[in-house]
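Me: Could you walk me through this one and explain the terms as we go?
Reply: Happy to; let's have it in front of us first.

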There are 2 protein chains.
Amino acid sequence: MGASKTDSFTDRQNELAILAKALGHPARIAIIEFLLKVETCICGDIVNELPLAQPTVSQHLKELKNAGLIKGNFEGTSICYCINELGFEKIKDFFQDVTNHLKKKKNECC
Amino acid sequence: MGASKTDSFTDRQNELAILAKALGHPARIAIIEFLLKVETCICGDIVNELPLAQPTVSQHLKELKNAGLIKGNFEGTSICYCINELGFEKIKDFFQDVTNHLKKKKNECC
DNA sequence: AATATTAATCGTAATATTGCAATATAGTTA
DNA sequence: TAACTATATTGCAATATTACGATTAATATT
């Protein structure tokens with residue numbers, strides 16, 4: 001196999017999984033952290049921040065973009081990247097839900 | 001390749017990636033949601049909740065456990081599973097950081 | 001127009017993931 | 001002890017991911 005049985009799960013479950021999966025690589029965590037650090041949109045320069053070749057970085061950026069975690073606009077010769085708040089809102093809500101439920105739980109046995 | 005260059009990233013980046021990756025599959029999101037829904041530890045019965053064969057579910061549970069997102073204790077003939085709050089705390093903090101930084105940002109161009 | 005710059009895409013090799021049948025392991029019960 | 005139940009492990013096939021060199025596409029600059 002190798003392909004997930006996405007049809008068997010809810011849209012919400014699949015969407016959350018796509019968002020989480022996009023962050024499931026240290027390079028993509030690093031990209032997000034860099035975008036946060038500069039505290040503004042960044043035009044180019046992401047390749048120089050990472051220990052990876054340009055095509056590899058481009059691929060990681062594409063995955064983050066497809067998942068809805070970053071946005072990229074053309075800015076002259078280069079591209080201007082920044083965080084897509086919508087995607088982070090969705091996944092943050094999931095973790096908020098988890099946290100809220102955990103508060104109500106007793107967790108007697110584990 | 002196929003193997004991530006984990007050596008090139010910080011421990012924190014790798015740890016967050018491992019946590020996110022573990023949630024990067026709808027079945028594993030479903031498992032977490034089920035553990036939340038029952039609002040207590042669950043002994044057995046997870047296989048019946050998912051549209052997957054027993055060995056596949058067992059494998060997903062193992063991955064969640066390795067990532068530190070669930071705990072499993074032997075309870076007689078079956079195993080008692082529940083959420084591992086520590087793991088969720090770590091990844092929740094990451095998203096809290098992201099959210100805090102986003103509040104400070106201007107986001108002029110995207 | 002020719003050249004440089006920036007980023008995406010293609011092609012490909014190495015490795016990882018997903019899913020399950022078959023089997024193994026371990027505790028429980030008859 | 002033998003049969004039953006619950007979960008883990010093994011082995012394997014199909015597919016996905018990771019990484020990068022080579023190339024392409026598009027815009028700037030000279």
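Me: What makes up the surface near DNA strand C, by class?
Reply: The surface near DNA strand C has 12 nonpolar, 15 polar and two charged residues. Ala, Val, Leu, Ile, Met, Phe, Trp, Tyr, Cys and Pro count as nonpolar, Asp, Glu, Lys and Arg as charged, and the others, Gly among them, as polar. This is a predicted model, where local features need pLDDT of at least 70 and side-chain atom pairs count only at pLDDT 80 or more, while totals for chains, interfaces and linings use all residues. Residues are numbered from 1 along each chain as its sequence is written, and chains are lettered from A and ligands numbered from 1 in the order in which they are written.

Me: Which residues are the closest to DNA strand C, and why do they count as near?
Reply: A:M1, A:G44, A:P55, A:S78 and B:G2 are the closest of the 29 residues that surround the strand. A residue is near a strand if its C-beta atom, placed from the backbone, lies within 6 Å of it, so these residues meet that cut-off.

Me: Which element gives the most to that surface?
Reply: α4(A), with six residues. Helices are DSSP runs (H or I, at least four residues), as are strands (E, at least two), numbered from the N terminus.

Me: What about DNA strand D?
Reply: 28 residues surround DNA strand D, and A:G2, B:M1, B:G44, B:P55 and B:S78 are the closest. Here α4(B) supplies the largest share, six residues.
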